[in-house]
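Q: Please take a close look at the cysteines of this structure, for a reader who is new to it. Which of them are joined, and what are the surroundings of the others like?

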Amino acid sequence: MDNNGYSDKAMASAGLPYEDIKWYDVAGQPFGAASKFNVIVFNNANNIIDVEGPVAIGGSFYSPRGLSVGFAGKDKKAVSYSPDLVRFLIGGSVSMAGPLVVIGHVVAGGGFNAAKGSTYLIGKSGMMDQIQDLEFLYQANGGSRYWEPSDTGDHYLVSSYDVPRFIPASRIRANITGFFNDARESIENYKKCIEDLVPNGIVVENNHEWILRGNNPLQNVFLIDLKPNGLINKGIRAEVPQGSTVIVRLRTGANAHLQYGVYGEREKANRTLYVFEDASNIYMEKSSDIWGSILAPQAMFHAHPTGGHVSGNAALGAFAVNADSGFEFHNFPFVGGVRCQTTPVPVVPAPVVPAPVVPAPAIPTPVIPAPVSPAQEEREMCPECPTCPAQRPCPVPEPCPKPEPCPTCPAAPPCPKSEPCPTCPAAPPCPKPEPCPTCPVPPPCPKPEPCPACPECPKPKPCPECPPCPVCPEQKPCPVCEECKIKSGVIMGCIKGCCCNNFHDWDVKLYERCNNMDVLLRCVKIRGCGFFEFKVPYEGVYILKVRLANNRCRTFRCRPMVTLNNVGVERFMME
């Protein structure tokens, strides 16, 4: 199955319904229900700018910038519009200086603060009361009483042009803390199960890469031991049968250091799984392209300060990256089908003598195997079990020797008698103090000399006469300045009615185009005719759309008569 086909199918169901945010295991899938999220982080995360698939963060999220969720690159499909799927799930609080733009619902367990312009694109369910449901889900304290979701034709827009809006977990009675606790326990159990898998492929190393070679048509397991330094300074490339799963067990010690540019291959991304067995920190020290999914629920991932990406699912303990980084998560969901060591394997008799089947040892949470074809069952024949040797009798233990008696402690010697203190000698008599000397008589003070007489001040000279002031010429009156007709940062106009001469209600909406996406800024409803005015920054690209509020009254002659009185922005369009 190719990446694109699986991606198209997975995009439609990516996320969880807001009415049923609960954890569930999936047979053969290490990520379980989290396979519907591009990335799941169990503690805090920060500064992510773009994720192609849904996001689940158990702690809090902070960013001095904005974040887009669900928008794919040029060669991939974005997630589909959905009326009920949650694509941004936060257990703690959200604090963002930029806008949050999500194709889907946003649910948070704590506080929520994102910039104005945050917008969520919600698919239509076909129910008549869907707008009322959205108004209930996204109602916020201090919000405008005129706020309502916008109908764009094939989906609704939930915008935060007045106050930050989101769905509180308490409003839908969602136990987000329980969801993340169950998710972590399940993923860690599956990780331990994978760590017990016996490698069935070989690793060939050269100067610049590790070549993983396996011939199993279903699952190939490889072990790369990099202890104690944990330097992953070469590429990883797999030579395995087409359609088989590649599992790479990485032993790095406490710190794993990613120091190469490319790991894995794009065409095998959705069937490649990197398991960091013992890393507490994963440092991306070079901007790297990681093609495949990462299973490291115990580790903190430090992304590169300038960029890089992970193309697959990711289960991480925590996530941190520089605020100026362009690091991204791309949605290449892992297909699953992992067969653990204890997964029962179909038994096919040998060509000549049937061999007894050795049952697999039981584990606390057995994993149900994925269905296999008859051709695959023939490849997985059990070998003959060896004959167990006769058990030796247990040796008879010798009697314990009797303990030796403890020695008698010697008596302590008597304490010596203390000697009497010596008699102190008598102190000598103190000498008599000498008499103080007689103070000398001070000499008489000298008489002050008389002050000299002050000289007489000279008489001031008369001031010279000033010449007469010249007569100033009469000032000409200033010309009257023409009134400035264009006001910067103001888009103003009026609707004078409709070309059909009937009375209609109009929706006047102003959008700002940012990163090839139109973000709704303001919406004004005008009954029949009236004025509208929007104050916006001069720099930017703005689009004004005037639409009938009720399309049922529309005729072929219905066109608004719009007059623009002031357009004080750099770039402006009108539809």
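A: A residue is called buried when its relative accessible area is under 20%, and this cut-off is needed for what follows about the cysteines of this predicted model. A disulfide is a covalent bond between the sulfur atoms of two cysteines. With a pair counted when its sulfur atoms lie within 2.5 Å, the structure has one disulfide. The bond joins Cys-193 to Cys-340, with a distance of 2.0 Å from S to S. It links distant parts of the chain, 147 residues apart, since Cys-193 belongs to helix H3 (residues 176-195), while Cys-340 is found in the loop between strand E31 (328-330) and helix H4 (374-379). Cys-193 counts as buried because its relative accessibility is 12%, and Cys-340, with a relative accessible area of 5%, is buried as well.

Turning to cysteines outside this bond, Cys-494 is buried, because its relative accessible area of 7% falls under the 20% cut-off. The closest cysteine sulfur to that of Cys-494 is in Cys-529, and because the distance is 8.5 Å, the two are too far apart for a bond. Cys-558 is likewise in no disulfide, the nearest cysteine sulfur, that of Cys-500, being 3.7 Å away. With a relative accessible area of 3%, Cys-558 is buried. Thus the picture that emerges for the joined pair is of a bond between helix H3 and a loop that follows strand E31, whereas Cys-494 has its closest cysteine sulfur too far away for a bond.

Conventions
Residues are numbered from 1 along each chain as its sequence is written. This is a predicted model: local features need pLDDT of at least 70, side-chain atom pairs count only at pLDDT 80 or more; totals for chains, interfaces and linings use all residues. Side-chain values use heavy atoms; hydrogens and water are left out. Helices (H or I, at least four residues) and strands (E, at least two) are DSSP runs, numbered from the N terminus. Buried means under 20% relative accessible area, exposed over 50%, partly exposed in between (1.4 Å probe, protein chains only).
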